[in-house]
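Dear colleague,

I am passing on the structure below for you to look through. My notes follow it, and I have tried to keep them to what can be read from the model.

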Amino acid sequence: MHDETVPWEAMTYREGTYVIDTLSGALARVMGAVGPRVQVRRPDGGGEWEVVPQALRLATREERVAAAVGCEECVALRAAQRRAVDSGGTQSAVAATVAVRRHAREAHAR
């Protein structure tokens, strides 16, 4: 059983961090906190729900990448990367790869 009396300071995840709600198995993003509970929401939207901090764990890189699949910017950047690689231009392929990784780090790896 999880202790629901843990103070807000015990929550170590910043807003926007991808976590797994171990009670439901759902991938979620931290939205904030209300008292001792953490508010989370699925990456694709929907309603928020509250979870005790002890029921959360940090999402793995693979879990975060899977959440980015629906990101329109990710799709566009990956398409540009494929075009650059297919064209054979090393410099443009490297630049496109850097753009994909930068976006993933800045937008999805919190």
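What is the mean pLDDT of the protein, and what share of its residues reach 70 or more? The model is a predicted one, with a mean pLDDT of 80, and 83% of its residues reach 70 or more. Confidence is lowest in helix α1, residues 61-68, where the mean is 73, and highest in strand β4, residues 49-51, where it is 94. As a general caution, predicted coordinates should not be read in detail where pLDDT is low.

**Overall make-up**

The secondary structure comes to 3 helices and 5 strands, and along the sequence these elements follow the pattern β-β-β-β-β-α-α-α. Of the 110 residues of the protein, 31% count as buried, while the accessible surface comes to about 7,000 Å², of which 53% belongs to carbon and sulfur atoms. Among contacts between residues at least 6 apart in sequence, 41% join residues at least 24 apart.

**How the strands pair**

Strand β1, residues 18-21, pairs with β2 in the antiparallel sense over 4 bridges, and within this pairing I20 has L27 of β2 as its bridge partner. The two strands form a hairpin with 4 residues between them, and G25 in the turn has a positive phi of about 80°. Strand β1 also pairs with β5, again in the antiparallel sense, over 3 bridges, with L56 in β5 as the bridge partner of D21.

Strand β2, residues 26-34, pairs in turn with strand β3, residues 37-41, in the antiparallel sense over 5 bridges, and here A33 stands opposite V38 in β3. This is a hairpin as well, with 2 residues between the strands, and G35 in its turn has a positive phi of about 60°. Strand β3 then pairs with β4 in the antiparallel sense over 3 bridges, where the bridge partner of Q39 is E50.

**What is buried**

In a regular strand the side chains alternate between the two faces of the sheet. Which residues of β1 lie on each side, and are they buried or exposed? Y18 and I20 lie on one side and V19 and D21 on the other, and all four of these residues are buried, so that both faces of the strand are covered.

The largest nonpolar core has 10 residues, namely Y13, V19, A28, V30, V38, V40, V51, V52, A55 and L56, and β2 and β3 each supply at least two residues of this core. Such a grouping can be set beside the general tendency, in soluble globular proteins, for nonpolar side chains to be buried together. Two members of the core also appear in the strand descriptions above: V19 is one of the buried residues of β1, and L56 is the bridge partner of D21.

**A closer look at L58**

L58 is found in strand β5, residues 56-58. Why does L58 count as partly exposed? Its relative accessibility is 47%, and the partly exposed class lies between 20% and 50%, so L58 falls within that class. Leaving aside its neighbours within four places in sequence, L58 is in contact with Y13, T17, Y18 and V19. Of these, T17 is 41 residues away along the chain, and the C-alpha atoms of L58 and T17 are separated by 7.8 Å.

With best wishes

Definitions and conventions: Residues numbered from 1 in each chain as written. Heavy atoms only, no water. pLDDT = per-residue confidence, 0-100. Pairing = 2+ DSSP bridges. Core = buried A, V, L, I, M, F, W, Y, C linked by side-chain atoms within 4.5 Å. Buried < 20%, exposed > 50% of the residue type's maximum accessible area, 1.4 Å probe, protein only. Contact = heavy atoms within 4.5 Å. Areas by Shrake-Rupley, 256 points an atom, 1.4 Å probe, with all protein chains shown as cover.
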